[in-house]
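Welcome, and thanks for taking a look at this one with us. Here is a short briefing to read alongside the sequence and the coordinates.

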Amino acid sequence: MDFPSTQFVSSQTMATYEPIHQIGMWGENFKSISNPNISASVIVDVVNKLENESETTSHEMLASSSKHDQEASKPFDKIQRRLAQNREAARKSRLRKKAYVQQLENSRLKLIQLEQELERSRQQGLYVGGGLDTGHLGISGAVNSGIAAFELGYERWMEERNKQICELRSALNAQISDIELRILVESGMSHYFELFRMKSSVAKADVFYVMSGKWKTSAERFFSWIGGFRPSELLKVLVPQIDPLTDQQILDVCNLKQSCQQAEDALSQGMEKLRETVSATLASDQMGQGIYVPQVAMAMEKLEALVRFVNQADHLRQQTLQQMSYILTTRQAARGLLALGEYIQRLQALSTLWANHPRKPA
Amino acid sequence: MDKVVRLVSERGVVLFSKSTCCLCYAVKILFQELGVTPTVHEIDQDPEGRELERALMRLGCKAPVPAVFIGGKLVGSTNEVMSLHLSGGLIPLLKPYQALC
């Protein structure tokens, strides 16, 4: 924002009364902004008060200087008076600047409120042309394209995953070598890690989208925990499918189950704390005043932590898969990946069946 | 940096946190479950908080908090603590500091 800078006029170049020019500039700025909230008359009152004050000060200074020896101190006198007037003008200018900035701040808050109302009416279907509309501030446009990219990527990811499941199934039945099986396991693992990367990317654009699990089927969403599957749930599904385990493996899996559960609990409680914090922030201060912008702004800051939580949950999922791959043999890992893939396919089938099953009459 | 070094060499398990950080709260809960009471420094309540933040970032933490030190050595942030725990490496490090119950 460019403000006319406060000029301290040097005593040498002082021919015109420059401070008046500055006062004029601030006045023009006020005229160009149509803000119903701050009445122009209030501003004019402030201005008049300031001008009266500075005139009084100048008079006082003139009066005191006339007491001195007139002849010897005349030029010194003039300089002193001019400096005093400059100081006054600068002071007035600063006060005007303050009032101007205050006015801008209020306008900004009003704008935020209006945007929120607009968003609300939009969501209620009153605004035509939502969805991939890039016109609205440009921000939702970027978010929508991030989500669209993710959904496209996820479709491809699912196709690839289904292909991998078929390959694993036939590979295990065909009794291929461990080396070849290892390649399939590795690509299966990195395929999951790829999903976590995609999720991290879209979480930056819209963390609520990731939390909602909108890209997944309804049954999958039912089991959702911080934007994905529960790591402990994963272990519960996998372990029975990879029998027999050696004693060492049983011990390792048991330890992994326990540490996984502990980490999960810690994150769950952290999430609960986050909900409490956001809720408390929104409810702070008086309700029923119609003014809620500061509380919402504060809650926004707190909500930033949600992205970290989603990333942390994905990190936990990744680590769980990673640790299992270290504990298990290649063949066991292949069976585990197959079991996991098929479990999700069953969840998806459940979702489809449920969506299509005849409803009982109410 | 000196203050960080001094603070971490004092006790076994040290956690740098912010009172408003919910991820730090999650780490505190995890330590609680493991029977460890870390020395917690809430850097948002420390007058030298900014300095501490900068020092922690310089040590390689992407986010200044939570930052966990055990036995004077930096373990890392939430990522590192979770990875270490899942791999079974956290409990052995904590053993000397676990409460005897």
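A good place to begin is His315(A), which sits in helix 11 of chain A. Please keep in mind that this is a predicted model. His315(A) counts as buried, at 16% relative accessibility. Setting aside neighbours within four places in sequence, its contacts are Asn79(B), Met82(B) and Ser83(B). From here, the briefing moves on to the interface, the salt bridges, the cysteines and a residue of chain B.

**The interface of chain A and chain B**

- On the chain A side, 22 residues are in contact with 21 residues of chain B.
- The two chains bury about 1900 Å² between them, and 64% of that lies on carbon and sulfur atoms.
- Which residues of chain A lose the most area to chain B? They are Gln262(A), Arg308(A) and Gln312(A), and together they make up 30% of what that side buries.
- No salt bridge turns up across this interface: the rule finds 0.
- Polar contacts do cross it, with 5 residue pairs found, both partners being at pLDDT 80 or more.
- Two elements of chain A, helix 9 (247-283) and helix 11 (305-327), each give two or more residues to the side that touches chain B.
- Helix 9 of chain A supplies the largest share of that side, 13 residues.
- Sorted by class, the side of chain A that touches chain B holds 8 nonpolar, 10 polar and 4 charged residues.

**Salt bridges**

- Over all chains, a search of the whole structure finds 15 salt bridges.
- One of them joins the side chains of Glu342(A) and Arg169(A), at 2.9 Å from N to O.
- This pair links distant parts of the chain, with Glu342(A) in helix 12 (residues 330-356) and Arg169(A) in helix 4 (residues 139-174) of chain A, 173 residues apart.
- Both ends of the pair have some exposure: Glu342(A) counts as partly exposed at 22% relative accessibility, and Arg169(A) is partly exposed with a relative accessible area of 30%.
- Another salt bridge forms between Lys199(A) and Asp314(A), whose closest N and O atoms are 2.9 Å apart.
- Because Lys199(A) lies in helix 5 (residues 178-205) and Asp314(A) in helix 11 of chain A, the pair ties together parts that are 115 residues apart in sequence.
- Are Lys199(A) and Asp314(A) buried or exposed? Lys199(A) is buried, and so is Asp314(A).
- Arg230(A) and Glu264(A) also form a salt bridge, with 3.0 Å between the closest N and O atoms.
- Here Arg230(A) is in the loop between helix 7 (218-222) and helix 8 (231-238) of chain A, while Glu264(A) is in helix 9 of chain A, so the bridge ties together parts 34 residues apart in sequence.
- Arg230(A) counts as partly exposed at 30% relative accessibility, whereas Glu264(A) is buried with a relative accessible area of 0%.
- Some salt bridges share partners, and in this way Lys199(A), Asp314(A) and Arg317(A) are joined into one network.

**Cysteines**

- How many disulfides does a search of the whole structure find? Over all chains, the search finds 0.
- Cys22(B) is in no disulfide, and the nearest cysteine sulfur, that of Cys21(B), is 6.8 Å away. For a disulfide, the two sulfur atoms would have to be within 2.5 Å.
- Cys21(B) is buried, with a relative accessible area of 14%, and Cys22(B) is buried too, with a value of 4%.

**Phe69(B) and its surroundings**

- Phe69(B) is found in strand 3 (residues 67-70) of chain B.
- Phe69(B) is buried, because its relative accessible area is 4% and the cut-off for buried is under 20%.
- Phe69(B) and Val13(B) are 56 residues apart in sequence, and their C-alpha atoms are 5.8 Å apart in space.
- Leaving aside neighbours within four places in sequence, the contacts of Phe69(B) include Val4(B), Val8(B), Gly12(B), Val13(B), Val14(B) and Phe16(B).
- Leu56(B), Leu59(B), Leu74(B) and Val75(B) are also among the residues in contact with Phe69(B).

Technical notes
Residues are numbered from 1 along each chain as its sequence is written. Chains are lettered from A and ligands numbered from 1 in the order in which they are written. This is a predicted model: local features need pLDDT of at least 70, side-chain atom pairs count only at pLDDT 80 or more; totals for chains, interfaces and linings use all residues. Side-chain values use heavy atoms; hydrogens and water are left out. Contact means heavy atoms within 4.5 Å. Buried area is the accessible area (1.4 Å probe) that two parts lose on being put together, summed over both. A salt bridge is a side-chain nitrogen of Lys or Arg within 4 Å of a carboxyl oxygen of Asp or Glu. A polar contact is a pair of N or O atoms within 3.5 Å; within protein, one must be able to donate a hydrogen and the other to accept it, and residues adjacent in sequence count only if both atoms are side-chain atoms. Helices (H or I, at least four residues) and strands (E, at least two) are DSSP runs, numbered from the N terminus. Ala, Val, Leu, Ile, Met, Phe, Trp, Tyr, Cys and Pro count as nonpolar, Asp, Glu, Lys and Arg as charged, and the others, Gly among them, as polar. Buried means under 20% relative accessible area, exposed over 50%, partly exposed in between (1.4 Å probe, protein chains only).
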